[in-house]
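Q: I am new to this structure and would like a close look at one single part of it, with enough of the surroundings to see how that part fits in. Please choose the part and take me through it step by step.

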Amino acid sequence: MGSPLIASLYAAPLGLMGLGLTAHVIMLRAKTGISIMDGGNIQLAERIRRHGNFIENVPFILLLMALAELNGVANLWLHVSGTLLIIGRIAGASLSFVAALTAIGSILFYAFAK
């Protein structure tokens, strides 16, 4: 069994998104001189929260996808999860939740089918 190439395919653009969110926070911190917390700056608080939401959800879902792939889940379900995850990160967190459920469901389905 090889490495989880499909999960890796989605990890790459998501990694770039994560770096972009990090840079977005850093740039506003540099501009405002706020190095800890948000200093009451609503714009900084929003950027920090966007970054935090990304960090809380994306690694978990990528791990689920990698486990699904390593366990032989059909490529279609991996691509469904990955596509939902990427669209969800652009459009809103609800699709990220569906991406996680898709990965979890496919893991369970294939685990019990074997």
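What follows is a look at the second helix, with the whole chain described beforehand and the neighbours of the helix afterwards.

A: The model is a predicted one, and a careful reading begins with its confidence: the mean pLDDT of the chain is 93, and 98% of the residues reach 70 or more. Confidence is highest in helix H1 (residues 5–32), with a mean of 97, and lowest in helix H4 (residues 93–113), where the mean is 88. The chain has four helices and zero strands, which along the sequence gives the pattern α-α-α-α. Its C-alpha trace spans about 55 × 25 × 20 Å along the principal axes, and 32% of its 114 residues count as buried. Among contacts in the chain with a separation of 6 or more, 62% are between residues 24 or more positions apart.

The part chosen here is helix H2, which runs over residues 42–70. On the way to it from H1, the chain passes Gly 33, which follows H1 and has a positive phi near 75°. The loop between H1 and H2 also holds Met 37, a residue that has a positive phi of about 55° although it is not a glycine. Met 37 is exposed, since its relative accessible area is 64% and the cut-off for exposed is over 50%.

At the N-terminal end of H2, Asn 41 acts as a cap, with a side-chain oxygen 3.0 Å from the backbone nitrogen of Gln 43. The length of H2 can be checked by a simple argument: at 1.5 Å a residue, its 29 residues should span 42 Å, and because its end C-alpha atoms are 42 Å apart, the two values agree. Just after H2 comes Gly 72, with a positive phi of about 90°.

Which residues of H2 are buried? They are Leu 44, Arg 47, Gly 52, Phe 54, Val 58, Ile 61, Leu 62, Leu 64, Met 65, Ala 66, Ala 68 and Glu 69. In reading such a list it helps to recall that an α-helix has 3.6 residues a turn, so residues three or four places apart point the same way. Arg 47 and Glu 69 are on the buried list too, so the list is not confined to the residue kinds that can belong to a nonpolar core, namely Ala, Val, Leu, Ile, Met, Phe, Trp, Tyr and Cys.

Elsewhere in H2 there is a charged pair, and as a rule side chains of opposite charge can pair when their charged atoms come close. The side chains of Glu 56 and Arg 49 meet in a salt bridge, at 2.8 Å from N to O, and the count of salt bridges comes to one. Arg 49 counts as partly exposed, because its relative accessibility is 43% and partly exposed lies between 20% and 50%.

The nonpolar residues bring us to the core. In soluble globular proteins, nonpolar side chains tend to be buried together. The largest nonpolar core has 21 residues, and those touching the most other members are Tyr 10, Leu 14, Val 58, Ile 61, Leu 62, Met 65 and Leu 85. H1, H2, H3 and H4 each give two or more residues to this core, and the largest share, eight residues, comes from H2.

Two residues show how H2 meets its neighbours. Leaving aside neighbours within four places in sequence, Ile 61 is in contact with Leu 85, Ser 96, Ala 99 and Ala 100. Leu 78, which is found in helix H3, is buried, because its relative accessibility is 2% and buried means under 20%. With the same kind of neighbours left aside, the contacts of Leu 78 include Met 65, Ala 68 and Glu 69, as well as Ile 6 and Tyr 10. The C-alpha atom of Leu 78 is also 7.0 Å from that of Ala 103, although the two residues are 25 apart along the chain.

H2 has a part in covering H1 as well: the buried residues of H1 include Tyr 10, Leu 14 and Gly 18, and what covers the buried residues of H1 includes helix H2 and helix H3 (75–91). To return to the chosen part, H2 is a helix of 29 residues that gives the largest share of the core.

Terms used
Residues are numbered from 1 along each chain as its sequence is written. This is a predicted model: local features need pLDDT of at least 70, side-chain atom pairs count only at pLDDT 80 or more; totals for chains, interfaces and linings use all residues. Side-chain values use heavy atoms; hydrogens and water are left out. pLDDT is the predictor's confidence in each residue, from 0 to 100. Buried means under 20% relative accessible area, exposed over 50%, partly exposed in between (1.4 Å probe, protein chains only). Contact means heavy atoms within 4.5 Å. A nonpolar core is a set of buried Ala, Val, Leu, Ile, Met, Phe, Trp, Tyr and Cys residues joined through side-chain atoms within 4.5 Å. A salt bridge is a side-chain nitrogen of Lys or Arg within 4 Å of a carboxyl oxygen of Asp or Glu. The expected span of a helix is 1.5 Å times one less than its number of residues. A polar contact is a pair of N or O atoms within 3.5 Å; within protein, one must be able to donate a hydrogen and the other to accept it, and residues adjacent in sequence count only if both atoms are side-chain atoms.
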